[in-house]
Amino acid sequence: MALLDEDRLFPTDPRSRDLARALYDGVRDLPILSPHGHTDPRWFAEDQPFPDPAQLFVTPDHYVFRMLCSQGVALSDLGVPRVDGGPTETDGRTIWRLFARHYHLLRGTPSRLWLDHSFQHVFGIDRRLSEATADWYYDHIADCLARPDFRPRALFERFNIEAIATTEAATDDLRWHRMIADSGWRGRVITAYRPDGVIDPEMSGFADNVALMGQQTGFDTTTWAGYLDAHRARRAFFIQHGATSSDHGHASARTEDLPQAEAAALFAKALRGQCTADEADAFRGHMLTEMARMSLEDGLVMQIHPGSRRNHSDDVLAMFGRDKGFDIPGRTDYVAALRPLLNAVGMDPRLTVILFTLDETAYARELAPLAGVWPCLRLGPAWWFHDSPEGMRRFREMTTETAGFYNTVGFNDDTRAFCSIPARHDVARRVDCSYLATLVATGRLAEDEAPEVARDLTHGLAKRAYKL
Amino acid sequence: MALLDEDRLFPTDPRSRDLARALYDGVRDLPILSPHGHTDPRWFAEDQPFPDPAQLFVTPDHYVFRMLCSQGVALSDLGVPRVDGGPTETDGRTIWRLFARHYHLLRGTPSRLWLDHSFQHVFGIDRRLSEATADWYYDHIADCLARPDFRPRALFERFNIEAIATTEAATDDLRWHRMIADSGWRGRVITAYRPDGVIDPEMSGFADNVALMGQQTGFDTTTWAGYLDAHRARRAFFIQHGATSSDHGHASARTEDLPQAEAAALFAKALRGQCTADEADAFRGHMLTEMARMSLEDGLVMQIHPGSRRNHSDDVLAMFGRDKGFDIPGRTDYVAALRPLLNAVGMDPRLTVILFTLDETAYARELAPLAGVWPCLRLGPAWWFHDSPEGMRRFREMTTETAGFYNTVGFNDDTRAFCSIPARHDVARRVDCSYLATLVATGRLAEDEAPEVARDLTHGLAKRAYKL
Amino acid sequence: MALLDEDRLFPTDPRSRDLARALYDGVRDLPILSPHGHTDPRWFAEDQPFPDPAQLFVTPDHYVFRMLCSQGVALSDLGVPRVDGGPTETDGRTIWRLFARHYHLLRGTPSRLWLDHSFQHVFGIDRRLSEATADWYYDHIADCLARPDFRPRALFERFNIEAIATTEAATDDLRWHRMIADSGWRGRVITAYRPDGVIDPEMSGFADNVALMGQQTGFDTTTWAGYLDAHRARRAFFIQHGATSSDHGHASARTEDLPQAEAAALFAKALRGQCTADEADAFRGHMLTEMARMSLEDGLVMQIHPGSRRNHSDDVLAMFGRDKGFDIPGRTDYVAALRPLLNAVGMDPRLTVILFTLDETAYARELAPLAGVWPCLRLGPAWWFHDSPEGMRRFREMTTETAGFYNTVGFNDDTRAFCSIPARHDVARRVDCSYLATLVATGRLAEDEAPEVARDLTHGLAKRAYKL
């Protein structure tokens with residue numbers, strides 16, 4: 001039995017399905033460009049076997065453990081580590097059985113598609129995961145993981161990854177990227193510059209991070225000018241390690257273009273930990289414009305990922321830390337928020353700013369109209385909770401008519417779950433080809449134009465937008 | 001001629017339609033669980049015949065009279081009673097003719113589906129309502145209503161209702177529920193605890209209602225402690241009359257978890273009628289958390305129905321009173337609003353909170369991410385203006401990928417219109433089966449898993465979530 | 001080769017497609033009613049040939065030049081005139097080649113549909129526009145434009161336009177409408193009263209415009225009473241030139257119903273240029289209610305077009321002026337905003353207010369519930385960025401179930417691009433017929449009722465709502 005329907009995600013009427021399948025056949029084997037994500041560069045540096053099945057599929061995947069948590073399964077029973085090092089389940093098989101017993105909760109979710117895809121295509125499995133098959137699954141996957149062809153570099157090559165970007169804090173030493181480069185392995189694993197920890201005055205450790213950046217670069221980061229110089233130096237260091245983009249995960253899309261003296265004064269307050277919430281927000285907003293100005297010079301593509309309200313549960317944050325599935329999207333404005341940055345540098349042909357959203361109401365109302373006129377703007381793909389068949393469909397239906405295809409940038413998998421990468425790109429290719437097929441079948445796109453668009457959505461747009 | 005298409009609401013492509021029909025065949029005859037609604041318990045207590053067709057279908061149905069009002073028909077001409085007892089149309093046939101003349105206004109609305117379903121299935125009618133058939137309709141329905149098999153209890157049984165919940169104010173004496181219980185009739189009609197009148201300081205009669213609750217329970221409701229005890233006592237009284245849930249219809253989803261002294265001070269101000277608008281809102285918000293705490297002990301499931309801006313027309317409110325079709329939804333935030341309650345009690349496995357919305361933008365952005373991680377949260381079905389085929393489809397498409405099926409609770413009809421109950425549940429079953437069929441046809445759900453999900457959406461989830 | 005698919009925009013399953021085609025065949029040749037738009041009345045007054053192809057299709061069409069701008073093409077290279085009269089490209093052929101080279105950017109957009117429709121149906125072209133065909137296209141269209149049957153009046157007749165409304169400022173002398181009337185030509189070109197320039201204190205030239213209105217009418221517009229009288233007189237003047245509607249393009253939907261003394265005081269401040277932003281907003285809001293009161297007497301239908309954040313780029317505004325593609329929609333509230341006007345005059349049967357939105361989230365949440373109960377309210381069609389196949393589909397799917405069909409007003413093309421008028425109405429007819437066909441195919445509308453609804457959506461509703 002196949003876990004996956006060969007024609008999954010295609011339209012249901014025969015002509016559109018045939019069109020979609022033909023388009024998909026033209027792009028299914030194109031190499032994967034993964035310009036934004038959170039895989040661990042250490043995997044590719046050390047090339048050690050992945051640990052047990054639970055640690056591969058359950059413990060690190062917030063999509064999975066949040067769903068089980070929602071039905072009363074304790075995070076500690078799933079092996080999610082505690083901040084205080086206190087006891088959590090460590091037996092992989094016990095965790096796996098708990099996961100298998102709740103697998104039905106994922107019906108209708110993209111996680112189910114990604115998992116079944118990994119099971120079938122990465123591990124060659126032909127039966128469904130359930131309480132009855134849990135042990136068989138566990139043994140089979142564990143056996144595979146012990147083999148050399150399931151090590152990270154082997155999977156990287158088998159997944160046909162042309163380039164993958166990881167994301168590192170501005171103060172990261174990038175040792176794993178250096179180790180990869182020094183190893184002679186030819187897989188292209190690049191970094192991305194994520195300066196939130198040295199830009200956000202409300203992030204814990206902000207002043208220490210800024211001081212560390214000073215040590216790393218030799219600039220006096222107690223001054224505004226030195227702080228900016230240190231950014232320039234760290235960006236150059238990241239570029240040496242392959243970075244083509246920076247990434248900014250602020251709570252809002254607010255930008256500011258303050259007079260330099262005012263920005264310097266805010267920075268001084270931030271270092272002293274004296275910013276009000278609004279001042280911290282203004283400082284973050286101003287720094288986006290400074291980052292954009294630096295991009296004019298060094299060419300890094302900016303990615304703005306706003307709108308997540310982090311750590312909704314105080315208890316979970318205290319016990320398990322950040323990124324434990326309790327980040328919830330909220331409304332996000334773009335029109336007024338981006339105006340200062342755009343008016344400062346938005347018409348400059350050297351700048352590319354890629355916008356993401358967790359608030360789909362902005363697609364047709366704000367993001368497509370903005371990207372459809374400002375030369376610097378591009379739309380990132382459907383993100384996070386919207387990285388799903390319906391989410392991708394809504395993204396295309398609500399952005400294409402105003403922004404077209406060429407103001408979008410292809411797919412990002414944005415994942416920590418390595419084995420899900422082929423699955424996620426496959427979903428995106430199928431949904432995009434289905435969308436194009438529907439346009440052709442309804443006379444909104446010529447049949448001879450669609451294959452080129454399909455290749456652009458799969459490969460060309462990401463390559464150009466991210467300068468890969 | 002049949003008024004209804006046997007395959008209505010199913011997908012249009014043949015394979016999906018066949019899948020949907022098969023799934024529907026498996027659930028069409030399951031008994032109805034109606035865990036939230038506004039039918040009148042007196043009907044089932046007294047079991048008297050319903051009055052004339054106009055009073056059954058037109059005068060009490062705000063969906064119907066608001067549409068006629070929107071095209072210039074006066075509410076008084078439809079027999080809607082005036083607050084001052086002034087003259088309105090009382091002749092059922094005259095009202096019915098006016099309704100029939102405007103029946104085309106309902107084209108494309110769910111009301112049309114519900115009405116035609118009632119006409120065909122409850123009254124055996126085979127011709128369309130129009131000016132030409134108005135009198136025939138009136139006579140036919142009036143004749144039926146005079147027969148014993150059209151009395152409330154007979155219809156209840158014919159509709160195959162396993163349990164129905166009505167909604168009563170916290171100070172209601174529940175006499176009709178007692179009368180039903182005492183009658184020996186086996187129909188299960190339960191109440192639900194609706195304390196808005198004793199929780200909302202801006203509701204007219206608030207202080208009197210609180211005083212009445214004191215008399216009913218013997219607690220001193222002029223004190224904060226006595227007020228909370230009185231709630232506990234009334235909840236117990238409602239539970240004796242079958243209640244398994246409480247219901248809260250605040251203007252927003254705001255919750256608070258105030259220090260007890262602060263809550264007590266607000267309560268004192270509220271009793272004196274001195275709360276500012278924001279204080280009243282804070283008090284309502286705090287009381288949701290108190291209700292949740294009581295639910296930990298007594299097990300009542302909480303329902304939160306926020307977001308209606310009530311009584312948009314001053315003139316209609318003055319002349320005809322509340323609930324006359326002039327309630328308009330507005331934007332509703334959930335993420336910040338629910339945080340206090342959730343951080344207070346949201347991880348407790350004894351709590352179930354069912355969230356509803358009139359703001360569909362919250363489905364994918366806020367509600368599915370919240371329900372997809374917090375153990376206490378469940379999503380109520382598409383509600384009120386969204387209790388419709390498109391509304392239900394959007395609900396599934398925008399919640400399933402993040403919250404799955406098992407964080408939803410099946411269907412609520414929420415109706416005052418008794419004859420529409422089978423129609424509404426039938427629409428929900430058809431739309432859900434069509435959604436599942438589409439998932440199967442596009443490889444997002446295995447064909448052998450779909451029937452179980454269909455039964456859960458129809459019956460199992462409501463039974464479990466509402467503890468029926 | 002045909003540029004257009006004969007079955008474009010119809011559903012893909014055979015039965016629905018057949019139903020849609022049959023409905024479309026019943027309305028495709030109905031005359032065009034264009035009750036809201038921005039064509040230039042001078043065209044029809046003077047009946048001179050249109051200038052070159054670039055000036056017909058590129059330079060004035062903000063949909064087209066904004067898309068090219070978004071990919072780095074300078075507006076000056078597209079011939080968009082500069083405010084300072086500085087140099088821009090003036091050679092039509094050069095502009096046309098630049099346009100042709102970027103034509104692929106419009107894939108998937110309604111502009112592509114409109115342009116191909118114009119090329120095929122107005123100019124008889126059978127090959128696709130591209131760099132290779134650019135010169136052939138240019139020559140062919142230029143040749144056509146030189147012929148008498150491509151002059152404005154000839155095209156007006158060929159397009160089968162029953163009536164078209166232009167939009168003029170309140171202080172316009174309407175000379176072109178007078179010239180059309182005096183010419184004996186029978187084409188019906190009417191005006192619409194657009195008083196933003198004499199209502200919005202923040203519009204440049206406000207006080208001068210009000211003074212001019214005084215001179216035009218003989219009323220003392222330095223007083224509140226005289227100012228209102230001057231409006232009445234100008235409205236009467238517009239009605240003499242065919243106007244049946246007024247049009248209001250405020251940034252928000254805010255209305256106020258202030259005491260007259262307060263309104264008069266605000267007006268005095270506005271004339272002195274001393275209003276705060278909030279006072280200006282309150283004055284605009286109050287004037288909507290005054291306009292509504294005047295409509296009770298003179299019968300003009302009100303159109304409210306809120307929600308555009310104008311001129312997002314300071315540089316583009318400074319160099320090229322207004323309406324250059326940098327207007328971006330924002331969130332728009334209707335429920336609280338419209339309440340003052342509606343409570344003042346909203347139940348009066350003499351009033352019609354047509355609401356538009358750029359914020360689709362308001363469709364199901366606010367606009368349909370409002371229009372579904374207030375007698376004066378009607379919903380204008382999907383507007384501007386939403387004047388597109390997906391936009392129209394979302395409009396119907398999110399408004400019909402609550403507001404029905406009869407609280408909508410048919411289609412508006414709202415265009416400056418004359419040749420796109422048949423294309424746009426054709427798109428609307430196809431999308432509406434497809435929507436109706438889907439309702440029929442899914443048992444939500446009887447097959448025998450659909451043709452009447454199709455004719456109403458195409459012709460009847462616009463004729464009645466706009467009193468044409």
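User: By a turn of how many degrees can chain B be laid on chain A?
Analyst: This is a predicted model, in which local features need pLDDT of at least 70, side-chain atom pairs count only at pLDDT 80 or more, and totals for chains, interfaces and linings use all residues. Residues are numbered from 1 along each chain as its sequence is written, chains are lettered from A in the order in which they are written, and side-chain values use heavy atoms, without hydrogens and water. Copies are superposed by least squares on the C-alpha atoms of residues with pLDDT of at least 70 in both. Chain B then fits chain A with an RMSD of 0.0 Å and a shift of 0.0 Å along the axis, after a turn of 120 degrees.

User: Which residue of chain B comes closest to the rotation axis?
Analyst: The distance is taken from the C-alpha, and it is 3.5 Å. The residue is B:Asp13.

User: As by what kind of axis are chain C and chain B related?
Analyst: Chain C can be laid on chain B with an RMSD of 0.0 Å, by a turn of 120 degrees and a shift of 0.0 Å along the axis. The two copies are thus related as by a three-fold rotation axis.

User: How much area do chain C and chain B bury between them?
Analyst: Contact means heavy atoms within 4.5 Å, and 44 residues of chain C are in contact with 46 residues of chain B. Buried area is the accessible area (1.4 Å probe) that two parts lose on being put together, summed over both. Of this area 51% is on carbon and sulfur atoms, and the total is about 3,800 Å².

User: How many salt bridges does the rule find across the interface of chain C and chain B?
Analyst: A salt bridge is a side-chain nitrogen of Lys or Arg within 4 Å of a carboxyl oxygen of Asp or Glu. B:Arg331 forms one with C:Asp333, where the closest N and O atoms are 3.5 Å apart. Across this interface the rule finds 10 salt bridges.

User: Which helix gives the largest share of the largest nonpolar core?
Analyst: Such a core is a set of buried (under 20% relative accessible area, 1.4 Å probe, protein chains only) Ala, Val, Leu, Ile, Met, Phe, Trp, Tyr and Cys residues joined through side-chain atoms within 4.5 Å. The largest has 163 residues, and A:Trp96 and B:Tyr227 are among those with the most contacts inside it. Helices are DSSP runs (H or I, at least four residues), numbered from the N terminus. The largest share of this core, 11 residues, comes from chain B, in residues 420-441, helix H19.

Notes. Buried means under 20% relative accessible area, exposed over 50%, partly exposed in between (1.4 Å probe, protein chains only). Helices (H or I, at least four residues) and strands (E, at least two) are DSSP runs, numbered from the N terminus.
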